[in-house]
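Biologist: I am new to this structure. Please show it, and then I will ask about it piece by piece.

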Amino acid sequence: MQVRLVAAAVLAAFGVATQAAEAFEIDTPEHAHIASVERYTVQIPASEQIAYTGKFASAFPQGLHPAFGSGLRFKGYGKDASLNFWAITDRGPNGDAPKVLNGDKKSPSKIFLAPDFAPRIGQINVQLAEAARLVSSMPLKQDGKAISGRPISPENTGSSKELPLSDTLATLKFDDFGMDPEGIDFDSAGNLWISDEYGPFIAQVDAKSGEFLQQYLPGAGLPEVLGERQANRGMEGIALTPKGLVVGLIQSTLDIKKETKGSAQFIRLVVLDPKTGDTQMYAYPHDVKEYKKSGDAKMGDIVAIDETRFLVIEQGKDKNKQMRNVVYLIDIKGAQDLSKVKLANGKELEYADAKQLEAFKEGGEVSGTSNIVSAGASSSFKMAKKTRLFDLREIGWTAEKAEGLAVVGDLGKFGDATEIAVINDNDFGLKASINAKESDPEEYAVDKAGKLVDDKGNAVNAELRIAQGEERDTQLWMIHLKKPLKDYFPK
C-alpha cells in the first residue's frame, strides 16, 4: 500500500518552517481496509505562538507551541474543493507536577506555564496533496470575557480536585469558569458543542463569538454518576447525530467511590436530547485484556455516522507499555440503557467482573442469585457492538495521542464516506521532568514553602525542569478507505 506524506510548504506570511517529507510504503501484505494515507504538518501562524517569559523561557525562544488537536470535526467543503475543519485546544500549556502537601493530605496538581491562556477554537483548511493550515482561531468566553484553562475550585460540582501551580511551584487561583476542552461538533443551527475533561461538562457555544450559551454537568443535565470519572478524565469526545442528539464519550472507566477504575469492564457514553433534557447511557466494551489495568484505556474522540453508529478512537499504553491508537466503528442499537441497570445490591455495573457481565449478557445468574436488576427490560445486559477498522500504529503513526477524529463527507451521509481525518494533541510541545534518577514529577511533592520533597516530606536535591518535548508539530492525517464506512458497520 502506498502512503503519501505531504509536508506543509513554508509560508513567509505564517512565519513557520516545516521539515521536508518523503514517501514511504507500508510493508506487504496491503492493509485490509486502507487504500492510501496523506500526512500533513499543520501550518500555524506565528501570531498563534503563545507568549512565555517565565522561569523556563530560554527553552522556548519563540514562545509555546499551539496545540489545536484535542478535537476535530469536518465543517464542509471550500469553493476550491479544499476541506475545512473545526479544531480545538485543551486547557493550555501545562505539565505534570508534584503533589501539593497540606498536612497529611496530598493533592494532585498541574503546572500552568501560561495561566491565563484561553482555550481556543480554530479552523483548519486542507488543500489536498498540498498543505494544511490553521486559518483562524478565537477564545472561549463566559459573559464576554475569555475563560482560562485553570481548574475550577474544589467546592464546585465537577472539580477535578487538581491544584494549579505556576512554573515556580506557587499556587495559582482557580477559575470557576475554567474548562479543559477535548471535543467539538456543531448542530443544524450552526452552534458548536464542546466536551470538557474536567467536569465532565458539555457546553453549547456560539460559533461566531465563542460565547457559552448553555452548559450541562453531572446532576444538572447529565447523569450524576458521570461525576465519578477519574480525575481529569471526563468527557473526552462529543458528537451530534443527524437528528440533533448530543453524544458524549467519557475518556476512561468510572472510578466509583475510588474503587472501580482498575477493574470496570466498560467505558460510558451518554446520549442527551437537548430539546427534552432526556439522557441515556451505554457501555462501550474497551479492550480490557490489552491493558495492565482496565483504567489505563483512554478514548480519543467520537464521530456520529447516524443515530446509533459512531466512529471512535481507543488508545493507551498496553501491558508492554506500548502505545496503541485503534479506530473502531461501534453501534449502540440494542444496547442496554445503563440508567436502568444496576447490580442486585444496588451498585453500578462497574463493580461487576467479566464473568458476571458475561452472565448478564445471557440473562443468566451467578452463584445461584440474580446479579442484575433491570427496570423495564429483560435481565440481560448488552453493550455496544464494535468492529475494528485499523490501528494507526500499523500505518506509521508515531504521535502519542490521536485525539481528534473526523469523517469527510456530506452531513447525514457519512455511511457513504471513504475519508477519515485524524489529528494529534502535541501537549503544546513541552514536557516537565525532575533532574533526578526518578524523573516523573508526580513521584514528588511540594511543601508549603514551595520546596520539592519526597513522599515522606524530606527535602530532595533536585528541581523541576520544563523543556521542549519531542512532539511539537500538529499532524493531520487523511486516511482513504477502500470501501465506504457502511461496508464496515458492526454486524
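Biologist: In what order do the 3 strands of the open sheet with mixed pairing lie?

Modeller: This is a predicted model, in which local features need pLDDT of at least 70 and side-chain atom pairs count only at pLDDT 80 or more, while totals for chains, interfaces and linings use all residues. Residues are numbered from 1 along each chain as its sequence is written, and side-chain values use heavy atoms, with hydrogens and water left out. Strands (E, at least two residues) are DSSP runs numbered from the N terminus, and two of them pair if DSSP finds at least two bridges between them. On that basis the order is β6-β9-β14.

Biologist: Which strands of this sheet have one side left without a neighbour?

Modeller: A strand at the edge has a single partner strand, so one side of it is left without a neighbour in the sheet. The strands in that position are β6 (94–96) and β14 (163–165).

Biologist: Which residue is the bridge partner of G95 in β9?

Modeller: β6 and β9 (residues 109–112) pair in the antiparallel sense over 3 bridges. In β9, the partner of G95 is I111.

Biologist: By what angle are neighbouring strands turned on average in the open sheet of 4 strands?

Modeller: That sheet has the order β4-β5-β10-β11, with antiparallel pairing. Its edge strands are β4 (71–77) and β11, each pairing on one side only. Axes are lines fitted to C-alpha atoms, and angles run from 0 to 180 degrees between N-to-C directions. With direction ignored, the average turn between neighbours is 25°.

Biologist: Which residue stands opposite I121 in β11?

Modeller: Strand β10 (residues 120–127) has 6 of its 8 residues buried (under 20% relative accessible area, 1.4 Å probe, protein chains only). β10 pairs with β5 (residues 83–88) over 6 bridges, where I121 is the bridge partner of I88. β10 also pairs with β11 (residues 131–139), over 8 bridges in the antiparallel sense. There, the residue opposite I121 is M138.

Biologist: Which strand gives the most residues to the largest nonpolar core?

Modeller: A nonpolar core is a set of buried Ala, Val, Leu, Ile, Met, Phe, Trp, Tyr and Cys residues joined through side-chain atoms within 4.5 Å. The largest has 47 residues, and those with the most contacts inside it include I202, L269 and I332. Several strands each supply at least two residues, among them β20 (235–240), β22 (267–272) and β26 (323–331). The most, 5 residues, come from β22.

Biologist: Is K342 buried or partly exposed?

Modeller: K342 lies in strand β27. Partly exposed covers the range between buried, under 20%, and exposed, over 50%. The relative accessible area of K342 is 26%, so this residue is partly exposed.

Biologist: Which residues lie closest to the centre of the second largest pocket?

Modeller: A pocket is found on a 1 Å grid over the protein atoms alone, as an open set of points where a 1.4 Å probe fits, with protein on both sides within 12 Å along at least five of seven lines; lining residues have an atom within 4 Å of a point. The second largest holds about 450 Å³ of space, a volume being the space filled by probe spheres set on the points. β4, β15 (181–186) and β24 give two or more residues each to the lining. Of the 23 lining residues, the closest to the centre are F186, S188, L240, T241 and P242.
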